[in-house]
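Student: I'd like a close look at one part of this protein: cavities, and what packs around them. Please take it slowly and keep the terms clear.

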Amino acid sequence: MAEFTNAELSANEKFVEEHTVAQAMVEKPKIFRVKDSDSLLKAFHKLQKNKILSLPVYDESKNRFFGFIDVLDIVNFVVKIAGAYKHNKKTTWVHFLETEELFNSATCGSVKNMSHHDLYTQVMPGANLTTAISLMTMFDSVHRLAVVGKYPRYDLQGLITQFDVVNYLSKNLDKSDPKFGQTLEQLRLGFRKVVSVPEHQHVADAFRLIKSHKVSGVAVVDADGLLVGNISASDVRLDKDFSVDSIVEFCWQPVLNIIKQRKEHAQQHNKPYPISVKASATLQQVIDIIVTNRIHRVYIVDEHNKLQGVVSLSDILRVFHPRDTTKH
C-alpha cells in the first residue's frame, strides 16, 4: 500500500482522514442485543418487533460481544433444515421443525453469522473514517462495525454501518471534486458480473446465492435475462407476523411473488422499482439515489435493461479512501 503525506491528499481525502467514527455515527435510541445463550426465536422476535436487520451477540462466559446475528442467519438456518425435504412436503417441514424443536432450541451463539454475511469487527469512536472504510471494504462480509470503548472492557457504544458513512460523506464532502461529476463508465465503477437469480426460482435459492457469494442481495432477472428486481435481507423484514411456518412459506415461493409485492409497495409510495442506472450516470447521481432511497446497491443496466454491473456501498466508500490504490 502506498504511503501518502497529508499535503498530497485532496480536500475530500483530508476530510476522511480527519473526521472520526463518532462524528459519522447515527445516534440510535437504543442498541438492541442478545446473549449467546438466548434462543433463536428470541432473536427473531426482537428483530421483527424493532424492525431491524441485525443484533450484536454477547458472550456471557467471556463478558464481551463477539458476533452479529441477522435475519439472513435465521433464514439460512431454516433453509438448511427444510432443504432436506421436497417443496411439496411443506407440512412435514413445519411438523419437523415444531416436534424436534430445532428452531426453538437453537441459540444465537450457534447460529450467528451462519450466512457469512456480517463478520463482527470492532472500531473505537476516535478512529478516523479512513480506518472505518478500510475495515468495511477489506472483506466482502463487513457491512457494519461495532463501536467499542477502551481495553479491557470494550463496552459496546454503538454501531456504524456502511450506509451511515456514505450518508455522512454525501452531506459533508466538497461536491466540486471532479469525481462527483464523472460517470460510472469513466470511473469503471461497479462493472462486474452480477449475482442473479431467475424469477421462477424459489426465494430459498436466492438466499443460498447470497450466502455462497457473500453478498447482501442478488438481482432478479426474467427469462430474457432482464432486470426485474432485487432480493435481500430487507425483503424478510418487510413481511409481517413472521413465524417458523411463514419463513418456510416465504422461502419456498417463487421469487416472482416477492417481486410483484415489492413493485406494488413501490408504486404505493411513488418510488421506482427496481432501481437502476445507465453507465452514463455520474457518481453524484448514484450517491443521491442510494441516500434518498436508503438502499445498499444500484444496478447498472444497458438500454435493453440487461445487467452490466452493480454499484455497492463498498464501491462508493473505496472511491473516497485516501490510500486505496485500486481506485481509478
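Tutor: A cavity here is a set of points on a 1 Å grid, laid over the protein atoms alone, where a 1.4 Å probe fits but cannot get out, and a lining residue has an atom within 4 Å of such a point. Keep in mind that this is a predicted model, where local features need pLDDT of at least 70 and side-chain atom pairs count only at pLDDT 80 or more, while totals for chains, interfaces and linings use all residues. Residues are numbered from 1 along each chain as its sequence is written, and side-chain values use heavy atoms, leaving out hydrogens and water.

So, what's in there? The structure holds one cavity of 30 Å³ or more, and the largest has a volume of about 40 Å³, counted as the space filled by probe spheres set on the joined points. Its lining is made up of Val 166, Leu 169, Ser 170, Leu 173, Phe 180, Ile 287, Ile 316 and Phe 320. By class, that's seven nonpolar residues, one polar and no charged (Ala, Val, Leu, Ile, Met, Phe, Trp, Tyr, Cys and Pro count as nonpolar, Asp, Glu, Lys and Arg as charged, the rest as polar). Helix H9 gives the most to the lining, with three residues; helices are DSSP runs of H or I, at least four residues, numbered from the N terminus.

Now follow two of those lining residues outward. Leu 173 and Phe 180 are both touched by Asn 12, which also touches Asp 174 and Asp 177, setting aside residues up to four places away in sequence (contact means heavy atoms within 4.5 Å). Asn 12 lies in helix H1 and has a relative accessible area of 5%, so it counts as buried, the cut-off being under 20% with a 1.4 Å probe and protein chains only. Glu 13, Phe 15, Val 16 and Glu 17 of H1 (residues 11-18) are buried as well. Together, the buried residues of H1 pack against H8 (129-138), H9 (162-172) and H10 (178-181).

For the wider setting, look at the nonpolar cores, sets of buried Ala, Val, Leu, Ile, Met, Phe, Trp, Tyr and Cys residues joined through side-chain atoms within 4.5 Å. In the largest, of 43 residues, those touching the most other members are Leu 40, Ile 69, Phe 77, Phe 207, Ile 231 and Cys 251. Helix H4 (residues 71-82) gives the most to this core, with eight residues. Apart from it lies another core of 42 residues, including Leu 169 and Val 277. That brings us back to the cavity, since Leu 169 is also one of its lining residues.

Conventions. Buried < 20%, exposed > 50% of the residue type's maximum accessible area, 1.4 Å probe, protein only. Helix = DSSP H or I, 4+ residues; strand = E, 2+ residues; numbered from the N terminus. 1 Å grid on protein atoms, 1.4 Å probe; cavity = no way out; pocket = protein on both sides within 12 Å on 5 of 7 lines; lining within 4 Å.
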